[in-house]
Amino acid sequence: MRVVLGTRGSPLALAQTGQVLKAMQGRHPDVEFVVKEVRTQGDIAGEAPLATLPRGLFAKELELALERGDIDIAVHSFKDLQTEPSPGFEIAAISRREDPRDVLVTPQSTPLKELPKGARLGTSSPRRTAQIRAYRPDLELLPIRGNVGTRITKAHGPDFDGVIVAAAGVRRLGLEEQVTEYISIDICLPAVGQGALAVQVRAGDGPMKRLAEIMEDPDARTAVTAESAVLHRLGGGCRVPIAAFAELHGDELFLKGMVASATGDRLLKAEYTGSSARPGEAGLGLAERLLELGAGPLLEEGA
């Protein structure tokens with residue numbers, strides 16, 4: 001049997017797909033696995049600010065390739081998926097989560113709290129911008145594009161005094177030595193699903209689903225299900241700064257969430273404890289708490 005894995009062509013996407021490929025080959029040595037790169041609209045719009053791009057743009061072409069039968073399994077960063085699940089497809093597995101935090105990279109290894117006033121930090125994310133601005137309003141947050149390696153290189157260039165990227169990407173690329181600081185979630189809550197991979201198949205494709213299920217991590221699925229419920233209820237995408245993070249402790253699920261204004265000058269945070277057996281309900285509980293605190297008008301700003 002020949003199975004084609006579809007992925008974006010960035011170094012990080014290829015590294016992630018390589019992890020999935022290695023696991024599948026180890027479990028199914030009799031299957032011929034092939035990796036196929038698919039260029040997405042998000043890759044084509046390489047210089048456009050991420051805040052102007054709709055959520056799901058990095059996943060759309062992979063889903064179309066899956067629908068056409070050009071690929072059999074798609075490997076995504078979970079946070080690249082649309083808020084609303086795409087009909088006709090199924091997330092067969094959610095991988096063990098890599099470190100969900102964000103990291104700071106600075107040329108002189110200067111931590112966030114010690115950066116001088118007016119220091120220029122590059123970030124592609126309104127979520128990061130809003131939270132870092134709330135913590136250090138004296139810093140200048142500037143947009144930046146490019147893959148993880150490119151952004152880290154820019155941290156050592158003339159235009160920035162540092163950059164903020166996802167820890168998961170840095171670790172999967174083996175670039176941990178570049179990290180100045182792992183930013184506490186008390187300062188910067190991660191994006192929904194950050195650090196998790198989604199392995200997607202066509203709905204009803206039992207053989208491919210069974211191959212993909214070796215990547216499944218039940219704890220990761222529980223956490224990202226709760227986080228996704230927050231995003232679904234709030235109706236946010238890339239334009240509105242939204243964050244949610246869930247941690248399992250036995251039978252309990254502890255969630256933290258954040259919603260900020262489009263400009264980042266107003267920021268709300270909330271916490272919620274629910275049952276790990278009902279992650280969707282826990283996520284909705286956190287979303288309602290944020291709405292009770294006044295998240296509605298902030299969300300309307302980015303509509």
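Which elements cover the buried residues of α9? Keep that question in view while selecting residues 279–292 of this predicted model, the 14 residues that form helix α9, which reaches 20 Å from its first C-alpha to its last, close to the 20 Å expected at 1.5 Å a residue.

Within α9, highlight P279, A282, G283, G285, L286, A287 and L290, which are its buried residues. Then add α8 (218–234), β12 (252–260), β13 (267–275) and α10 (295–301), since these are among the elements that cover them. Just beyond the helix, select G294, which follows α9 and has a positive phi, near 110°.

Next, show the largest nonpolar core, which has 30 residues, and colour F78, V230, L234, L255, V259 and L290, the members that touch the most others. Two or more residues come from each of α8, β11 (242–249), β12, β13, α9 and α10, with α8 giving the most, seven residues. Centre on L234, and its contacts beyond four places in sequence appear as I242, V259, A287, L290, L291 and L299. A second, separate core of 18 residues can be found by selecting, among others, F33, V75, A93 and V201.

Finally, move to R172 in helix α6 (residues 167–172). R172 is buried yet has no salt bridge, and the nearest side chain of opposite charge, that of E98, is 5.0 Å away. What does the side chain of R172 reach at 2.8 Å? Display the backbone oxygen of G195, which is the atom at that distance. The residues that R172 touches, leaving aside those up to four places away in sequence, include L12, A15, Q16, Q19, S95 and L197.

Terms used: Residues numbered from 1 in each chain as written. Predicted model: local features only at pLDDT ≥ 70, side-chain atom pairs only at ≥ 80, totals over all residues. Heavy atoms only, no water. Helix = DSSP H or I, 4+ residues; strand = E, 2+ residues; numbered from the N terminus. Expected span 1.5 Å × (residues − 1). Buried < 20%, exposed > 50% of the residue type's maximum accessible area, 1.4 Å probe, protein only. Contact = heavy atoms within 4.5 Å. Lys, Arg positive; Asp, Glu negative; His and termini not counted. Salt bridge = Lys/Arg side-chain N within 4 Å of Asp/Glu carboxyl O. Polar contact = N/O pair within 3.5 Å; in protein donor to acceptor, adjacent residues only side chain to side chain. Core = buried A, V, L, I, M, F, W, Y, C linked by side-chain atoms within 4.5 Å.
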